[in-house]
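Hi,

Here is the structure I promised to pass along. Have a look at it first, and then my notes on the salt bridges and one of the sheets are below.

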Amino acid sequence: MTSQVTAIRLLGRLSIDRDGVASATAFPGRRSELVFAYLAAEHRRDVSRDELADALWPQELPDAWAAALRGVVSDVRRVIAGAGLDAGAVLERTGGGYRLRLPPGAVVDLDEARVAVPAARARLEAEPAAAAADATRAAELARQPFLPRHEGDWVEGVRRELETLLVEALELAARGH
């Protein structure tokens with residue numbers, strides 16, 4: 001059995017791509033989109049249930065928020081399974097929350113943008129053409145919309161980060177050219 005390349009797309013159309021093909025399984029609602037995006041963006045660490053609850057219900061927690069969160073996480077697991085991944089291994093329950101453990105070699109486009117700008121900066125003097133290519137890729141990613149159907153502090157924070165990355169990427173691309 002050959003392994004497939006997994007790409008998590010948080011910028012533009014939210015999707016889980018396997019070997020360049022987006023999963024046919026759609027997110028069943030806005031809450032599952034937000035939880036998946038949060039876990040994917042923060043995949044290098046455990047995310048507490050409280051963090052997810054704050055992102056889902058920024059104004060006021062519903063009385064049965066813990067049960068509602070478990071339901072949303074179940075929806076996310078179904079989407080992950082629908083993409084052909086082992087949902088139990090990828091979306092792991094931790095002591096106080098959850099963690100998205102990506103398969104080996106998996107990429108998240110938000111990570112790509114976050115890494116490409118410092119890479120371009122580091123290469124600018126010695127390899128200006130390569131720096132321009134890195135910066136151009138970062139700009140292509142950073143200019144895509146992030147969760148356009150969502151609002152909230154966390155979403156707005158990622159959007160501000162992307163705006164900053166875009167400006168720096170465009171500047172580095174210009175300098176590299």
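D46 is partly exposed, because its relative accessible area is 38%. Keep in mind throughout that this is a predicted model.

I begin with D46 because of its partner: it forms a salt bridge with R99, 3.4 Å from N to O. That pair links distant parts of the chain, with D46 in the loop between α1 and β4 and R99 in strand β6 (residues 97-100), 53 residues apart. R99 is the buried half, with a relative accessible area of 17%.

The same loop has another contact worth a look. R44 sits in the loop between α1 (30-41) and β4 (47-48), while D111 lies in helix α5 (residues 109-123), so their pairing ties together parts that are 67 residues apart in sequence. The bridge itself has its closest N and O atoms 3.0 Å apart. How do the two ends differ, buried or exposed? D111 is buried at 10% relative accessible area, whereas R44 is exposed at 59%.

Helix α5 turns up again in the next pair. R123 and D134 form a salt bridge, with 3.0 Å between the closest N and O atoms. R123 is in helix α5 and D134 in helix α6 (residues 128-142), so this bridge ties together parts 11 residues apart in sequence. Here R123 is partly exposed, at 29% relative accessibility, and D134 counts as buried because its 18% falls under the 20% cut-off.

There is also a network: R9, D17, E112, R137 and E140 are joined into one by salt bridges that share partners. Overall, the count comes to 18 salt bridges.

Now for the sheet. Four strands make up an open sheet in the order β3-β2-β1-β7, and the pairing is mixed. The edges are β3 (21-22) and β7 (107-108); each has a single partner strand, so one side of each is left without a neighbour in the sheet. At the β3 end, strand β2 (residues 15-18) pairs with β3 in the antiparallel sense, over two bridges. If you want a residue pair to click on there, R18 has V21 in β3 as its bridge partner.

That's what I have for now. If you open just one thing, try the R44 and D111 pair, with its exposed arginine and buried aspartate.

Cheers

How values were computed
Residues are numbered from 1 along each chain as its sequence is written. This is a predicted model: local features need pLDDT of at least 70, side-chain atom pairs count only at pLDDT 80 or more; totals for chains, interfaces and linings use all residues. Side-chain values use heavy atoms; hydrogens and water are left out. A salt bridge is a side-chain nitrogen of Lys or Arg within 4 Å of a carboxyl oxygen of Asp or Glu. Buried means under 20% relative accessible area, exposed over 50%, partly exposed in between (1.4 Å probe, protein chains only). Two strands pair if DSSP finds at least two bridges between them.
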